Amino acid sequence: MPVHNSEIAGIFGACADLLEIEGANQYRVRAYRNAARGITGLPRSAASMLEAGEDLSSLPGIGKDLAGKIEEIIRTGRLAGLEEIKKKVPAGLTEVMKIGGLGPKRAGKLFHELGVSGLADLRKAGEEGKIRELEGFGAKTEEAVVSELKRKGAAGAQGGRLLLAGAEDFALPLLEYLRKGKGVRRAEAAGSYRRGVETVGDLDILVTHDEGSGVMDRFAGYDEVEKVVAKGGTRSTVVLRSGLQVDLRAVAGESYGAALHYFTGSKAHNIAVRRMGVKRGLKINEYGVFRGKKRVAGRTEEEVYSSVKLPYIEPELRENNGELEAAAKGKLPKLVALEDIRGDLHCHTDATDGRSTLVEMAEAAKKKGYEYLAVTDHTRRLAMAHGFDARRLERRLGEIDRLNGRLKGVRILKSAEVDILEDGSLDLPDAVLKKLDLLVCAVHYKFRLSAKEQTERIVRAMNSPFFCVIAHPTGRLIGERDRYEVDMERVVREAKATGSALEINARPQRLDLDDAHCRMAAEAGVRLAISTDAHSSVELDFMRHGVVQGRRGWLEAKDVLNTLTLKRLLEAVKK
């Protein structure tokens, strides 16, 4: 059975977590983390590369040792080294280390001194007042841990939901497999996946096919199917080896648009459209649009919307958040598209914690047809990422000048991802910051400040004359770390007042800002930068995830900073 990149990355990530909890050498831990990120960002599956005889050790962040481990995972579906680590460190500690910023060292201490091996043990230790007794913890840490565990319990678990990019890892090869089936005319994924929702619980796939195609047999026989839940002539349900449930529905050609509309829109959107139909004497369902018993529309989604006097509504907007009213008034946004993006304003090189060289990043940007690429390596506060001090950054600016002198077709912008310190000052002196083309600023520590303190910290930073873009503005990692407390309405107002931009960080684990805050910022007249935070040349492809997030936030090209030409961009970031 094929092994997906997300599965390999998951194994490497687990190795890194458990090794860090165990107290292993940090270089070894970092090697696994870099490998996990590198595999996640590959545009092709590592399994297909291995099958084609390509050298996996040449991948960013992968040497001979890790290439051998990737091959082991692909060949066997497991990594013996991880099984050995699990014998010494319970896998449940990886969830413990994500709670309340405990981190690996504290998770290890909880394990060794209190026997905490998972969230249930952690909850019990907190409720019994044992956490505060450990050296280096205290009552406040214990209260924060208990509070977060209660909040997670009330909100419900992530429940096996996959990041959108992870779901894509399984959806695309399955769709390709189905489309190659004899007699299959169309196969599309619908549901939350098609709407671009951040996490996906299951997949809904629709097909049209010729009679006798055997598409249901082909679906049930897919080599990643672990369990066939149900199998019929027009609908089947399976569970993949990954645990992802997939429903396949076969629909007639004349009903395809109606079915795609029905299974794509949110429940609220669909109900609202059906009510609009009722007012016109129509019945709208997954089989079509009917007046009495006569089908009057449904072959395409455009027909469905036209039947209620609306233009086509893009899938990302179908949440019943005002899109129907906007459509009725002819005021739907012309959503930003990947083709509108002229450059990337946030990426890293191997000078700090990236895995590709400055030249490799530049060449990759040129290959994508970008006009510009802002290289934003970390600054000194982020010591674990080998952040630049003023002297190193000055040397880097010289490197960029020399590279731009010989590079044709793309401009490398002088930049940095500068830490916002606790008091709101920036991590490097103004004397060097003023030499940059643009400045990306970020909060990387002190996530647990109060909303007032965190907001004031960010607002003070935004008033620096060199501040341009705030990176990953809420600090969240989906399913791993909650956003820090911050008044986003105040941040948006300050961005408007200071001419600053907010980032949509396109890394699949971040997608930060979320769609609601994207829309709020754009409606306030604040531009957003859709950037990848790429740590290797292949991760520049993350841009598509950021664009989808922007589309869900109703963004048009005019709302996005990096749809501007180079000349207009440099004018826009000047204060």
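This report describes a five-stranded sheet, the cavities and the surroundings of Thr455 in a predicted model.

Residues are numbered from 1 along each chain as its sequence is written, and side-chain values use heavy atoms, with hydrogens and water left out. Because the model is predicted, local features need pLDDT of at least 70 and side-chain atom pairs count only at pLDDT 80 or more, whereas totals for chains, interfaces and linings use all residues.

**The sheet and its helices**

Helices (H or I, at least four residues) and strands (E, at least two) are DSSP runs, numbered from the N terminus, and two strands are taken as paired if DSSP finds at least two bridges between them. Five strands form an open sheet in the order 2-4-7-6-5, with mixed pairing. Strand 2 (184–189) and strand 5 (225–231) stand at the edges with a single partner strand each, so one side of each has no neighbour in the sheet. From one strand to the next the twist averages 20°. Strand 2 pairs with strand 4 (residues 202–209) in the antiparallel sense over five bridges, and Glu188 has Leu206 in strand 4 as its bridge partner.

Two helices that pack on the sheet are listed below, where contact means heavy atoms within 4.5 Å, axes are lines fitted to C-alpha atoms (for helices over the stretch in contact), and angles run from 0 to 180 degrees between N-to-C directions.

| Helix | Strands touched | Angle of directions |
|---|---|---|
| Helix 10 (residues 164–179) | strand 2, strand 4, strand 6 (235–240), strand 7 (245–250) | about 170° with strand 2 |
| Helix 13 (residues 256–264) | strand 2, strand 4, strand 7 | about 180° with strand 4 |

**Cavities**

On a 1 Å grid over the protein atoms alone, a cavity is a set of points where a 1.4 Å probe fits but cannot get out, and lining residues have an atom within 4 Å of a point; grid points are joined across faces, edges and corners, and a volume is the space filled by probe spheres set on the points. The structure holds two cavities of 30 Å³ or more, and the largest has a volume of about 40 Å³. Its lining residues include Ala258, His261, Tyr262 and Arg274. Helix 13 gives the largest share of this lining, three residues.

**Thr455**

Thr455 lies in helix 20 (residues 451–462) and is buried (under 20% relative accessible area, with a 1.4 Å probe and protein chains only), at a relative accessible area of 3%. Leaving aside neighbours within four places in sequence, Thr455 is in contact with Val486, Asp487, Arg490 and Val491. The side chain of Thr455 reaches the backbone nitrogen of Asp487 at 2.9 Å.

Conventions:
Buried means under 20% relative accessible area, exposed over 50%, partly exposed in between (1.4 Å probe, protein chains only). A polar contact is a pair of N or O atoms within 3.5 Å; within protein, one must be able to donate a hydrogen and the other to accept it, and residues adjacent in sequence count only if both atoms are side-chain atoms. On a 1 Å grid over the protein atoms alone, a cavity is a set of points where a 1.4 Å probe fits but cannot get out, and a pocket is an open set with protein on both sides within 12 Å along at least five of seven lines; lining residues have an atom within 4 Å of a point.
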